[in-house]
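Let's walk through this model together, one question at a time. Keep the picture open while you read.

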Amino acid sequence: MNKKIILAASLLGALAVILGAFGAHGLEGKVSAYHIETWKTANQYHFYHTFALLFLSTFSRAKTYSIKISFIAFLIGIFFFSGSLYVLSIREITGFGSPSILGPITPLGGLSFIIGWVALFIAALKNKS
């Protein structure tokens, strides 16, 4: 599990840097300031939870069910929360992504983040060391 978490975090970290750079340099003048801020929010949460995955990998030696839930929840959160915000941010230049569909996905991603943090809390409580 440790290796799987580190591999996922490494790929998601690289993607966060790429998307952050794209948002800072590729979107300027192409989307509104509001959508730039939305992109930044998506990127911040993407980074926060990539770092959380790396931290989670230090607990993975415990191999608890809570760690597995936290790992999956953080992944879902990154894809649903950050992913939906990324897509909504560039909707005006791509025409892709209906707000009526993506709008409800964003809070599901946020809920997944919360579940991930609660599962990590439970794993820490159960850890005997």
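Q: Before we start, what does contact mean here?
A: We'll use one simple rule for touching. Two residues are in contact when they have heavy atoms within 4.5 Å.

Q: What kind of model is this, and how are its residues numbered?
A: This is a predicted model, where local features need pLDDT of at least 70, side-chain atom pairs count only at pLDDT 80 or more, and totals for chains, interfaces and linings use all residues. Side-chain values use heavy atoms, with hydrogens and water left out, and residues are numbered from 1 along each chain as its sequence is written.

Q: How many helices and strands does the chain have?
A: Helices (H or I, at least four residues) and strands (E, at least two) are DSSP runs, numbered from the N terminus. Reading from the N terminus, the elements go α-α-α-α-α. The count is five helices and zero strands.

Q: What percentage of the chain's residues count as buried?
A: Buried means under 20% relative accessible area, exposed means over 50%, and partly exposed is in between (1.4 Å probe, protein chains only). The chain has 129 residues, and its C-alpha trace spans about 55 × 25 × 20 Å along the principal axes. The buried share is 42%.

Q: Which helix gives the most to the largest nonpolar core?
A: A nonpolar core is a set of buried Ala, Val, Leu, Ile, Met, Phe, Trp, Tyr and Cys residues joined through side-chain atoms within 4.5 Å. The largest one has 26 residues, and L53, L56, I67 and F71 touch the most other members. Helix 1 (2-26), helix 2 (33-59), helix 3 (65-89) and helix 5 (99-126) each give two or more residues to this core. The top giver, with eight residues, is helix 3.

Q: Which residues does L53 touch, not counting those up to four places away in sequence?
A: L53 is one of the core residues that touch the most other members. Leaving out residues up to four places away, its partners are I5, A9, L12, F71, F74, L75 and I78.

Q: How far apart are the end C-alpha atoms of helix 1, and which span should we expect?
A: The expected span of a helix is 1.5 Å times one less than its number of residues. Helix 1 has 25 residues, so it should span 36 Å. That agrees with the distance between its end C-alpha atoms, 35 Å.

Q: Which helices help cover the buried residues of helix 1?
A: The buried residues of helix 1 are spread along it, and among them are I5, A9, L12 and G23. What covers them includes helix 2 and helix 3.

Q: Which helices do the buried residues of helix 5 pack against?
A: Helix 5 has 28 residues and reaches 41 Å from its first C-alpha to its last, close to the expected 40 Å. Its buried residues include L102, G109, F113 and A123. They pack against helix 2 and helix 3.

Q: Is S66 buried or exposed?
A: You'll find S66 in helix 3. Leaving aside neighbours within four places in sequence, S66 is in contact with A119, I122, A123 and K126. Its relative accessible area is 9%, so S66 is buried.

Q: Which helix supplies the largest share of the nonpolar patch?
A: Patches use residues with over 30% relative accessible area and no salt bridge, where like charges are joined within 9 Å and nonpolar side chains (Val, Leu, Ile, Met, Phe, Trp, Tyr) within 5 Å. The nonpolar patch covers about 1100 Å², and its members include I72, F79, L111 and F121. Helix 3 and helix 5 each supply at least two of its residues. The largest share, eight residues, comes from helix 5.

Q: Which residue forms a salt bridge with E37?
A: A salt bridge is a side-chain nitrogen of Lys or Arg within 4 Å of a carboxyl oxygen of Asp or Glu, and the count comes to one. The two partners are three residues apart in helix 2, so about one helical turn separates them. With its closest N and O atoms 3.5 Å apart, the pair joins E37 to K40.

Q: How far apart in space are A33 and S89?
A: A33 is found in helix 2, and at 60% relative accessibility it counts as exposed. A33 and S89 are 56 residues apart in sequence. Yet C-alpha to C-alpha, the distance is 9.9 Å.

Key. Accessible areas come from the Shrake-Rupley method with a 1.4 Å probe; for residues, only the protein chains shown count as cover.
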